[in-house]
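Hi everyone, thanks for making the time. I'd like to walk you through one model this morning, so please have a look at it on the screen.

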Amino acid sequence: MLSKFSAIFAYGYSALLLLLSLIKIGPVIPKLGSDFDDKLYHATAYMIMGFVWGVYLLYQSNKNYILLSFLIGALFGIIIEVLQVTLTSYRSFDFFDIIANILGLCLGLILVSILKNSIINLN
């Protein structure tokens with residue numbers, strides 16, 4: 001049962017992230033008071049993505065769940081950056097967004113690994 005929910009979370013979160021990455025959000029996002037608020041938001045969004053995909057693929061008994069989750073998230077982030085510059089006039093490509101995405105993915109996957117090995121048995 002939890003396996004089914006992990007699929008819904010992984011695919012649903014990815015669709016939501018795609019949507020939020022391509023629409024015009026404007027001043028709705030709160031300012032954190034740093035010069036790199038945007039990068040913190042990217043890292044957080046992709047940390048969640050790494051976590052939900054890591055859990056989903058772990059439930060699928062995929063031995064390479066960490067690598068596969070990382071590749072899915074990294075490619076997803078790169079594709080979104082390209083889509084932002086080609087499909088919208090209000091978004092731009094930012095290499096540092098990709099770096100923030102990858103750092104967030106790594107944090108999410110580390111969290112999955114810690115949970116798998118020390119707190120709960122997800123298999």
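Let's start at Gly104, which touches Ala43, Tyr46 and Met47 once residues up to four places away in sequence are set aside; contact here means heavy atoms within 4.5 Å. Gly104 sits in helix α4, and helices in this talk are DSSP runs of H or I with at least four residues, strands are runs of E with at least two, and both are numbered from the N terminus. With a relative accessibility of 0%, Gly104 counts as buried. For us, buried means under 20% relative accessible area, exposed means over 50%, and partly exposed is in between, with a 1.4 Å probe and protein chains only. The C-alpha atoms of Gly104 and Lys39 are separated by 9.6 Å, although their positions lie 65 residues apart along the chain.

Before I go on, a word on where this comes from. This is a predicted model, where local features need pLDDT of at least 70, side-chain atom pairs count only at pLDDT 80 or more, and totals for chains, interfaces and linings use all residues. Residues are numbered from 1 along each chain as its sequence is written, and side-chain values use heavy atoms, with hydrogens and water left out.

Back to α4, residues 95-119, which also holds Asn101. Is Asn101 buried or exposed? Asn101 is buried, at 3% relative accessible area. Leaving out neighbours within four places in sequence, Asn101 is in contact with His42, Tyr46 and Gly77. So Tyr46 turns up in the contacts of Gly104 and in those of Asn101.

Tyr46 also brings us to the largest nonpolar core, which has 19 residues. By that I mean a set of buried Ala, Val, Leu, Ile, Met, Phe, Trp, Tyr and Cys residues joined through side-chain atoms within 4.5 Å. Among those with the most contacts inside this core are Tyr13, Leu17, Tyr46, Met49 and Phe76. The elements that give two or more residues to it are α1 (2-22), α2, α3 and α4. Which element gives the most? That is α2, with nine residues. As one example, Met49 touches Tyr13, Ser14, Leu17, Gly73 and Phe76, not counting residues up to four places away in sequence.

Now for the rings: the structure holds four aromatic pairs. Rings of Phe, Tyr and Trp (its six-membered ring) pair if their centres lie within 6.5 Å; planes under 30 degrees apart count as stacked, over 60 as edge-to-face and the rest as tilted. Tyr11 and Trp53 have ring centres 5.0 Å apart and planes at 70°, so this pair is edge-to-face. Tyr11 is in helix α1 and Trp53 in helix α2, 42 residues apart. Trp53 is buried, at 7% relative accessibility. Tyr11 and Tyr56 are edge-to-face too, with centres 5.8 Å apart and planes at 70°. Together, Tyr11, Trp53 and Tyr56 form one aromatic cluster.

One backbone detail to finish. Ser61 lies in the loop between α2 (37-59) and α3 (65-87), and has a positive phi of about 60° although it is not a glycine. Most residues other than glycine have a negative phi. Ser61 is exposed, with a relative accessible area of 58%.

And the overall picture: four helices and zero strands, with buried residues making up 35% of the 123 in the chain.
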